[in-house]
Amino acid sequence: MTATGGTWVKSERQLERERRRRRAGVRSASLASASTILCAVVVVAVVVSSPGWPRVHETFFNWDEFAGAFPDVLRGFWLNVRIFLIAEPVILAAGLLVALARGLRNPLFFPLRALAVAYTDVFRGIPTILLVYLVGFGLPALRLQGVPDDPAVLGGFALVLSYGAYVAEVFRAGIDSIHPSQQAAARSLGLTRAQSLRFVVLPQAVRRVVPPLLNDFASLQKDTALVAVLGPLEALRQAQIHSADTFNYTPFLASAVLFIALTVPMARFTDHLAIRAERRRAPGGGT
Amino acid sequence: MSDPLLRVEGVWKTYQAQPVLRGVDLDVAAHEVVCLIGASGSGKSTLLRCVNVLETVDDGAVFLEGEDITDPGADPDEVRKRIGMVFQSYNLFPHMSVLDNITLAPVRVHKRSRAEAVEQARELLDRFGLADKAAEYPDRLSGGQQQRVAIIRAMAGRPSLLLLDEVTSALDPELVTEVMGIIRELKDAGMTMVLATHEMGFARDIADTVCFLHDGVLLERGPAEQIFAEPAEPRTREFLRRVLASRRL
């Protein structure tokens with residue numbers, strides 16, 4: 001035992017406690033690995049022993065098909081990535097603007113507010129694939145000057161319309177979740193309504209909605225495949241072409257692997273942000 | 001005297017290389033009321049959190065009714081069933097009525113029947129003058145009322161020890177009295193309590209034993225009259241002098 005208030009030398013009791021914690025840690029780690037391996041073995045055994053497995057193995061897990069289709073699918077996937085990278089910032093900006101428009105109080109801006117409400121109602125209600133069809137085939141049919149006819153651009157625009165509505169609602173929920181006392185404190189300092197929104201409420205709201213936003217983006221990454229129905233050569237379309245040649249579905253698996261490779265890092269990043277926020281709130285955390 | 005109800009033995013706690021508790025020893029007998037006094041950051045709250053197993057101690061041990069609750073094999077949930085804790089900021093659940101706040105633990109943790117829990121809750125509310133607030137939601141109550149509900153909530157699990165962490169610090173002076181009243185009633189009913197407090201008058205009035213913490217060390221402990229009248233430690237004297245001076249302003 002150490003002297004009260006002196007320098008700290010770990011007592012025998014604490015050392016023993018730490019030894020026991022380490023042993024418990026080793027025990028739970030081995031328990032976790034054992035149960036994981038067991039689960040994996042059971043799943044594999046059930047799948048492999050199913051009557052249709054040889055057939056499925058041939059049509060979905062054919063290595064030669066995979067290797068043959070992969071370069072084309074990868075090239076197509078690059079288009080998915082580009083659609084995503086361009087659509088995402090546009091969606092963020094549009095969603096934020098719509099959320100802000102819904103919060104406008106000035107009667108002069110009533111039409112804007114009504115428009116924002118109508119927009120979220122309508123575009124959250126339409127299935128995304130339907131929207132891709134409507135925009136992809138409907139817009140060019142208008143034959144307006146300056147409307148692009150590239151199916152990838154039109155498909156991306158449809159995704160922006162659909163996801164913008166979702167993201168607007170996420171932002172609005174974030175803004176509503178900041179306690180009114182924050183607004184009151186900001187206004188009491190003489191900040192205008194717009195200023196308190198800009199400097200006090202929004203920074204807190206945005207931080208709070210980052211996890212749900214990342215969730216929407218993981219969803220958006222996959223939904224870029226919906227653009228395939230318009231015909232551009234993205235990953236899913238390339239896989240379709242290959243499998244139509246040989247009646248083998250392995251190319252679909254190749255595109256699935258690519259989509260997973262994109263969304264998994266995103267999911268881990270979301271977890272990382274959540275843990276960091278948690279740590280900041282814990283006692284003794286940086287304030 | 002038999003074994004103490006609570007025994008804190010050489011407890012160390014460090015936050016990011018910053019020692020907050022440096023070998024604290026403390027015994028609390030059944031039915032004893034102990035007040036922890038000391039400046040902000042002296043470790044009062046951390047000590048209470050260690051007793052409630054909200055923090056794991058870095059060294060030393062805490063015994064509740066003779067059982068080592070800092071043992072890695074001890075179940076914190078089982079320990080907390082026997083300890084009530086009240087926080088400075090009330091921490092009532094805003095989505096539940098007063099009655100639901102109070103009956104949550106008796107029903108879900110202590111597995112009492114809902115009827116029994118409700119009856120007990122109404123009895124407590126009645127006893128502490130809040131009978132008409134049972135259906136109210138916390139946001140509609142004053143700070144003093146919320147804190148009284150929080151104390152009742154902690155008592156509803158029939159704990160053998162009650163920890164009170166600066167329970168009056170967030171309250172207006174005229175509301176402090178009503179919260180102190182309820183604590184005094186609990187003392188008269190024989191409740192064992194450890195309070196961290198800045199209210200020296202109250203500490204002097206209610207405590208059997210007063211402990212002065214300074215920089216994570218329990219510098220001095222003794223009967224309330226002695227600590228306030230003739231503290232042995234110069235640092236205690238200095239602390240009390242400053243507190244008194246600030247009151248005069």
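The following paragraphs go through chain A of this predicted model, from its helices to its contact with chain B.

Secondary structure comes first. Chain A is built from 10 helices and has zero strands. Read from the N terminus, the order of elements is therefore a plain run of α-α-α-α-α-α-α-α-α-α, with helices and strands taken as DSSP runs.

Part of this chain carries an annotation. An unreviewed UniProt entry assigns "domain: ABC transmembrane type-1" to residues 77–270 of chain A. Within residues 77–270, helix accounts for 80% of the chain and strand for 0%. The C-alpha atoms at the two ends of that stretch lie 23 Å apart.

Next come the overall dimensions. The radius of gyration of chain A is 27 Å, whereas a compact globule of 287 residues would have one near 19 Å. Along the principal axes, the C-alpha trace of chain A extends over about 85 × 70 × 30 Å.

Packing can be described by burial and by contacts within the chain. Of the 287 residues in chain A, 26% are buried, a residue being counted as buried if 20 or more other C-beta atoms lie within 10 Å of its own. Contacts in chain A between residues at least 6 apart in sequence can be sorted by separation: 72% of them join residues at least 24 apart.

The last topic is the contact between the chains. Chain A contributes 14 residues to it, and chain B contributes 12 residues. On the side of chain A that touches chain B, six residues are polar, five are charged and three are nonpolar.

Key
Residues numbered from 1 in each chain as written. Chains lettered and ligands numbered in written order. Predicted model: local features only at pLDDT ≥ 70, side-chain atom pairs only at ≥ 80, totals over all residues. UniProt positions renumbered as here; feature names shortened; annotations may be inferred. Helix = DSSP H or I, 4+ residues; strand = E, 2+ residues; numbered from the N terminus. Contact = placed C-beta atoms within 7 Å. Nonpolar A, V, L, I, M, F, W, Y, C, P; charged D, E, K, R; others polar. Rg over C-alpha atoms; globule rule 2.2 N^0.38 Å. Buried ≥ 20, exposed ≤ 12 C-beta atoms within 10 Å, placed from the backbone.
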